[in-house]
Amino acid sequence: MYQYTDFDRQFITARAAQYRDQLERNLAGTLADDDFRPLRLQNGWYIQRYAPMLRIAVPYGELATRQLRVLARIAREYDQPEPALLQEAHDTQAKLGDIHLSNGKVLGSALGYGYGHFTTRTNTQFNWVPLVKSAEVMELLASVSMHGIQTSGNCIRNITSDELSGIAQDEIADPRPFGEIMRQWSTLHPEFAFLPRKFKIAISGATEDRAATPWYDVGLQVVRDEALAERETGPLAGVGFQVRVGGGMGRTPIIGSVVREFLPWHQVMNYLEAVIRVYNRYGRRDNVWKARIKILVKAEGQRYIDQVEAEYRQIVDVDGGPHTITQAEYDRVAACFVVPELTRHVGAPLAALPHGDKAFDRWLARNVAAHKNPNLRAVTLSFKRPGANPGDASAEVMEAAADLADQYSASELRLTHQQNLLLPWVHVNDLPALYAEAKRLGLAQSNIGLLTDMIVCPGGDFCSLANARSLPIAQALTERYQDMDELHDLGPIDLNMSGCINSCGHHHSGHIGILGVDKDGKEWYQVTLGGADGSAHSGPALAGKVVGPSFSAAEVPDVVEAVLATYKELRQSHGARTESFIETLRRTGIEPFKQAANAARHPAQALETEAA
């Protein structure tokens, strides 16, 4: 993983000291709240529904165990609301009412604390840290080279990549050095600190896009030009980027447009500057809903691309290409991504592993991925389990995961796009022991890529923007589908859920998407089908289609069940292989699934829907 330099450490320490001064002046009344607000936002401190929320950047998802233990300490010592505040929050949530499911179960808000939440953009969030203690937390993070810089505000946010970066068998080039060059360039960039809206970049370095790049403001896919590779030398011979611009979810879901099929790797910074500079110049600032770059690209089309190309030529031909990546600069940054020294048992063949344990074999199939080193595997710890919200990790669980990584993964973990933790350096013959330990901790569910491996945002339990709660619905679905035989029979299904139109739960790209909406002050849920994030099992990136009027909270689990029953009825087998959910839906079209979903409405609420 990336080894932070002395400059990195000094920079983050100085930033924490600067923030302490700003906070103390605000608390003393000499720095007004309106003046302090942009300063705390630039360091990742939001004010949410009940308390401050801290968002911590984890570039490329890489975490050292010492960093995870600091996150655990924050959860234990700082993510602790005052009793009066917690009671006020519970009282407010109680006014939303319980959700009465058709199976007799009753759901409500738990409002837990003392834990971190892993997000789809490999950040970590805490919901209850008092603002008066925020400087202490910043200094604690700085002690392990972590921070919240640019996790908020209209700037270039945390850059994400594939969790298998550097170890994937299908990798063309490791995207992390390019991401790190972008991180160093974009951090506190004076020209791009106040863009029309937030700006997100994702990079995929493999033949399969596991970073959902078409859904980003800028999506970079590493490609290789074989003809060019024959004329060049070195590991980056023929390497370049396919560049997409203008992707995004939210109120207007749009797939990014390909603006360059091949951009030489050493020019990516010059081109990126052109892309963002044109956006900064022409992006709308009069309407927050139309300020994202996707709206500009959609409205201007080829004119936007022409402007970018003209700006790029100005940067390269007139300004001299100041951000051209030299081989020496690439080598300098790449050298900071150190492959750990692996001292455990090397060379045990996969065939030597014990088999015959159905649960273990399923775990091997779902949670264990191939590795560039044939003696190693990448293992995903599932944070989608009963009794905990998707992506949540208590202090105790984070410390236990750090212990696992110390013992089995060279003290490194990675946050994944799907809100899980991955161990990237596991020896094959350690898999049985790791499985036993993960099972003891409740982190060995063999559900990676399956229905209960759902992406879910915190929703109306914590977020001030949310229209509806998402966590109770996730809880109901998780509990409903705990029969592993049934879950594996259903096969790979992406179920994503957001509490509001901002789409932090990526509902647009879910095979099944659930969106919380407000209807006359009540929580309702819109269901979409057929979305895709661009991965191999989903197919090209695509926004799901709405199946009809919104559903009540109580109806949502029944709607999902009806949709899945339709899949089981319509799916076809081809020899030993059975069609996946998304394959069946695309073959048959959405109509039979739409009819099943609407037939699952509860009679009394169906009348209310028609009246509305």
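This report walks through the empty spaces, the aromatic contacts and one buried asparagine of a predicted model.

**Pockets and cavities**

Let us begin with the open spaces. The second largest pocket has a volume of about 730 Å³, and 30 residues line it. Glu 163, Gln 418, Ile 448, Gly 449 and His 537 are the lining residues that lie nearest the centre of this pocket. Two elements, helix 12 (358–367) and strand 13 (368–369), give two or more residues to the lining of the second largest pocket. Helix 12 gives the most, with three residues.

Turning to enclosed space, the structure holds eight cavities of 30 Å³ or more. The largest cavity is lined by 13 residues. Those nearest its centre are His 147, Ile 149, Asn 158, Arg 183 and Thr 187. Around the second largest cavity the lining is made up of Met 1, Tyr 2, Tyr 4, Ala 57, Val 58, Pro 59, Tyr 60, Glu 62, Gln 67, Ser 145, Met 146 and His 147. His 147 therefore appears in this lining and also among the residues nearest the centre of the largest cavity.

The volumes and the classes of the lining residues are set out here.

| Space | Volume | Lining by class |
|---|---|---|
| Second largest pocket | about 730 Å³ | 11 nonpolar, 11 polar, eight charged residues |
| Largest cavity | about 140 Å³ | six nonpolar, five polar, two charged residues |
| Second largest cavity | about 80 Å³ | eight nonpolar, three polar, one charged residues |

**Aromatic rings**

Now for the rings. A search of the whole structure finds 20 aromatic pairs. One of them joins Trp 128 and Phe 462, whose ring centres are 5.9 Å apart; their planes stand at 80°, so the pair counts as edge-to-face. Trp 128 sits in the loop between strand 7 and helix 5 (134–142), while Phe 462 sits in the loop between strand 18 (455–456) and helix 15 (471–480), so this pair ties together parts that are 334 residues apart in sequence. Both Trp 128 and Phe 462 are buried.

Tyr 567 and Phe 581 form another pair, with ring centres 5.6 Å apart and planes at 70°, so this pair is edge-to-face as well. Here Tyr 567 belongs to helix 17 (residues 556–570) and Phe 581 to helix 18 (residues 581–588), 14 residues apart. Tyr 567 and Phe 581 are both buried. Tyr 567 has a charged partner too: the charged end of Arg 571 sits over its ring, 5.1 Å from the centre.

Elsewhere, Arg 251 lies over the face of Trp 289, at 4.1 Å from the ring centre. Ring pairs also link Tyr 2, Tyr 4, Tyr 60 and Phe 337 into a cluster. Tyr 2, Tyr 4 and Tyr 60 are among the residues that line the second largest cavity.

**Asn 123**

Finally, is Asn 123 buried or exposed? Asn 123 has a relative accessible area of 4%, so it counts as buried. Its place is in the loop between strand 6 (115–118) and strand 7 (124–126). Leaving aside residues up to four places away in sequence, Asn 123 touches Arg 55, Ile 56, Ala 57, Val 58, His 117, Phe 118, Thr 151, Asn 158 and Leu 415. Two of these, Ala 57 and Val 58, are in the lining of the second largest cavity, and Asn 158 is one of the residues nearest the centre of the largest cavity.

Technical notes
Residues numbered from 1 in each chain as written. Predicted model: local features only at pLDDT ≥ 70, side-chain atom pairs only at ≥ 80, totals over all residues. Heavy atoms only, no water. Helix = DSSP H or I, 4+ residues; strand = E, 2+ residues; numbered from the N terminus. Buried < 20%, exposed > 50% of the residue type's maximum accessible area, 1.4 Å probe, protein only. Contact = heavy atoms within 4.5 Å. 1 Å grid on protein atoms, 1.4 Å probe; cavity = no way out; pocket = protein on both sides within 12 Å on 5 of 7 lines; lining within 4 Å. Points joined across faces, edges and corners; volume = space filled by probe spheres on them. Nonpolar A, V, L, I, M, F, W, Y, C, P; charged D, E, K, R; others polar. Phe/Tyr/Trp six-rings, centres within 6.5 Å; stacked < 30°, edge-to-face > 60°. Lys NZ or Arg CZ within 6 Å of the ring centre and 35° of its normal.
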